[in-house]
Amino acid sequence: MNNSNTKPEKVQYILRPLFTILQDDALWKSFMAYAKNIRADAVMAFSTHLEANHPSLESLRERLPLMAKRFAEVRAAGMSPMVNYYVTLGHANMLPAEHAKAFTDMVDGKGRVEHGCPCPLCPEFRSYIYGAYKLFASLDVDAVWIDDDFRLFGRAQTDSFLCFCDRHMEAFSNRMGVAYGRDEINEALRKDPLGCTPVELQLRRDWRAFQEDILVEFGVLLREACESANPDIQMGLMTNTIEMMLRHGRHLDAEIKALRTKNKPEPHIRLGGASYTDEHLPGILDRCVTFDALAAMITEPSQLSSEIEQFPWTIGGKSARALALELYVLSISFSPRLTLSINDGFLGFDDVSGNYQKTLGPLKAYLQAVSNAVSGKVRRGTSLPFPNEPDVIAGMDLSDEPSMRFNHSLTRIGIPVAPGSHTPTLITMKEAMAYPEETLTSWLEKGTVITSEAYYHLCKRGILRNSPIRVEKGDMSHRTTVERIVAPHAPDWLRNKDVIAWLYMPMHSEYILSAEEGAEEWSEIYDNLGNRQSSGVVVTREPYPMVVVPHTGGLLKETGRQWLYQQIMSYLTVGEFPAMVEFGVNIYPVWWEDDKEVLLGLANFSLETYPSLALWIPTRRKLAKVEQLSREGVWTEADASVTEHPDGGVRLTLQGNSVPDHASFETYRFIF
């Protein structure tokens, strides 16, 4: 339900017990009591543990009777039994079992080998893994999930852009009709695309397509193995972080197609990159927003779910309070299917305080009420675009991680983001380089926030003509100190005041902005001696509604810039943007709407408790009613007042119990 949702989705708790729990009768009994108590829907048991990455087929066959016994209990308890196939290509360098020494290991561009992590082109490995998946699919299970080691990157002993083994190199040469060396390919992959020749850019695209096709074909092999043993099986696939997905040869939509079985054509897709602890609450928010972006990259029909990780630290790793907050944001953002790894297969399955069990069971009813309320609505907010087009991804700078900074920073200052439904669109250098002109123009027409670096590049590409905003190469480094808010409509407390220094607020200091007739300055940049260096934020509606900013997107959490960016959103949408939190930080709004009503979720990722909280809703509509969802799933009148906002629209002030407490959340329904 990332962009829109036409029907309520069922909230599902999918528990992932380690294989060691299945092996111990006492641990298993405790686990099943826990699963029933929290109203779990499915048990996805690990197939192996921390043994060799690829145990012999004989040893795998020996564990099937135990798993069959456990799964019979799961089904009798009304839950769905599933297998989490733990090691396919290998999570990390591990000593191989004797038989697996015959497998071809992955190799990176510098010739380093990842032992125990076989290449998917190795015929001996393919024969083994086909048989292994077939064994587990033969059990009475509803789904077999491929763990997130289904990838050609991200392992400890090797560098990125795998695999460069001899099998890969030969296959690529046969495909292209040209013999390429490791160094030649690796150099092209690591170069800044702006410095690549057309031949090198094509090599990047060809290599990425090759990598994608290898994984897709390997997915077909695994699906065929499972379906041959169980025609009613549903496949599942776990992903990694969005950085890994974008940076290396993965095409999620193509992989989803590869995993469709005849009787269950919508595979499970678990989005990954979870937070393991609650040591940094806003860090959990960052992870949730990243999942949201991953969901936006998927267009093929699938059953989306999210990763919630905190084992093996059952006690103290993540509080029940933070866990509930995490589950809420993931559920209201894109899907209420939740895979939970909240157990310890080493020391025992315990919930000493009882808080997990006290929280998860009742929370499920609340999350279901939220899912029901989202039904039929469309998500709104701003965002960076997240591509699923292989050609676009291949054109991005692969020497650096794809940036989520803007999305993360905007959530910290109370601005809704909506990957996949982004209006306005945020454009950084990565987007300006990689997307075709027609796509960029379509975003420009709807309103965009553009970094000065990206704006300069768009002008060089000839995409922006006759604009009253000018960006030239210059040098503000080591001299930029403050940003002064000069917007004529700024409030008294902010107008002509300096906000936090460049030392803490990263900017593109190599570009100088200026505003000509038809554009307006909202801020200016000064050095430490008070000399004006450049325009700061500049806005215009000609030839497109645009705001050019000097900021890189990092560390926007500052009161003056909170006001500035909220004004930017209202300006670009002509006063029709979702609710934004005023004078409160680390409080994230999620907005869904239809023709009749709005659903707003507020998640407080701070440790602050607010006696009242103001929201600015830039809208021409009249707000008639505000309701709040109780923890019992009942809509009641919210403790709130509505006044006109000085910048247009309404100011909604929440009070008392209607304000989300620290590390907590609330849901509201607006009737206009």
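**View 1. Helix α3 and its packing partners in the predicted model.** The buried residues of α3 pack against α1 (19-23), α2 (25-37), β2 (42-46), β3 (80-85) and α4 (123-137). Those buried residues are Leu60, Arg63, Leu64, Met67, Arg70, Phe71 and Val74. Helix α3 covers residues 57-76, which makes 20 residues. From first C-alpha to last it reaches 29 Å, close to the 28 Å expected at 1.5 Å a residue. The helix has a kink of about 30° at Leu64. The proline Pro65 comes shortly after that point. Gly78 follows α3, and its phi is positive, near 85°.

**View 2. Helix α12, with a bend at Leu363.** Helix α12 takes in residues 355-374. Its 20 residues should span 28 Å at 1.5 Å a residue, and the end C-alpha atoms are indeed 28 Å apart, so the two values agree. The bend at Leu363 is about 30°. Leu363 is also one of the buried residues of α12. Others on that list, among them Tyr356, Leu360, Tyr366, Leu367, Val370 and Val374, are hydrophobic or aromatic names to look for in the view. Gly361, Lys364, Ala369, Ser371 and Ala373 are buried in α12 too. After the helix comes Gly376, with a positive phi near 80°.

**View 3. Arg337, a buried arginine in strand β10.** Strand β10 covers residues 337-341, and Arg337 lies in it. Arg337 has a relative accessibility of 10%, so it counts as buried; the cut-off is under 20%. Leaving out residues up to four places away in sequence, Arg337 touches Glu9, Lys10, Gln12, Gln303, Leu304, Ser305 and Ser306. Gln12 sits 325 residues from Arg337 in sequence. In space, the C-alpha atoms of Arg337 and Gln12 are 4.7 Å apart. Leu304 offers a polar contact: its backbone oxygen lies 3.0 Å from a polar atom of the Arg337 side chain.

**View 4. Thr552, in the loop between β22 and α18.** The loop that holds Thr552 runs between β22 (546-549) and α18. Thr552 is at 13% relative accessibility and therefore counts as buried, the cut-off being under 20%. A polar atom of the Thr552 side chain lies 3.5 Å from the backbone nitrogen of Gly554. Beyond its neighbours within four places in sequence, Thr552 contacts Arg405, Phe406, Pro506, Met507 and His508.

**View 5. A four-stranded open sheet with helix α18 packed on it.** The strand order is β23-β26-β30-β29, and the pairing is antiparallel. The edge strands are β23 (580-582) and β29 (640-644), each pairing on one side only. From one strand to the next, the twist averages 30°. Helix α18 (residues 559-572) packs on this sheet and touches β23 and β26 (612-617). The direction of α18 makes about 150° with that of β23.

**View 6. The pairing of β29 with β30.** Strand β30 spans residues 650-655. It pairs with β29 in the antiparallel sense, over five bridges. One bridge joins Ser641 to Thr653, its partner in β30. Strands of a sheet pair through backbone hydrogen bonds, either parallel or antiparallel.

Conventions
Residues numbered from 1 in each chain as written. Predicted model: local features only at pLDDT ≥ 70, side-chain atom pairs only at ≥ 80, totals over all residues. Heavy atoms only, no water. Helix = DSSP H or I, 4+ residues; strand = E, 2+ residues; numbered from the N terminus. Buried < 20%, exposed > 50% of the residue type's maximum accessible area, 1.4 Å probe, protein only. Contact = heavy atoms within 4.5 Å. Polar contact = N/O pair within 3.5 Å; in protein donor to acceptor, adjacent residues only side chain to side chain. Pairing = 2+ DSSP bridges. Axes fitted to C-alpha atoms, helices over the stretch in contact; angles between N-to-C directions. Expected span 1.5 Å × (residues − 1). Bend = angle between axes of the 7 residues up to and from the residue.
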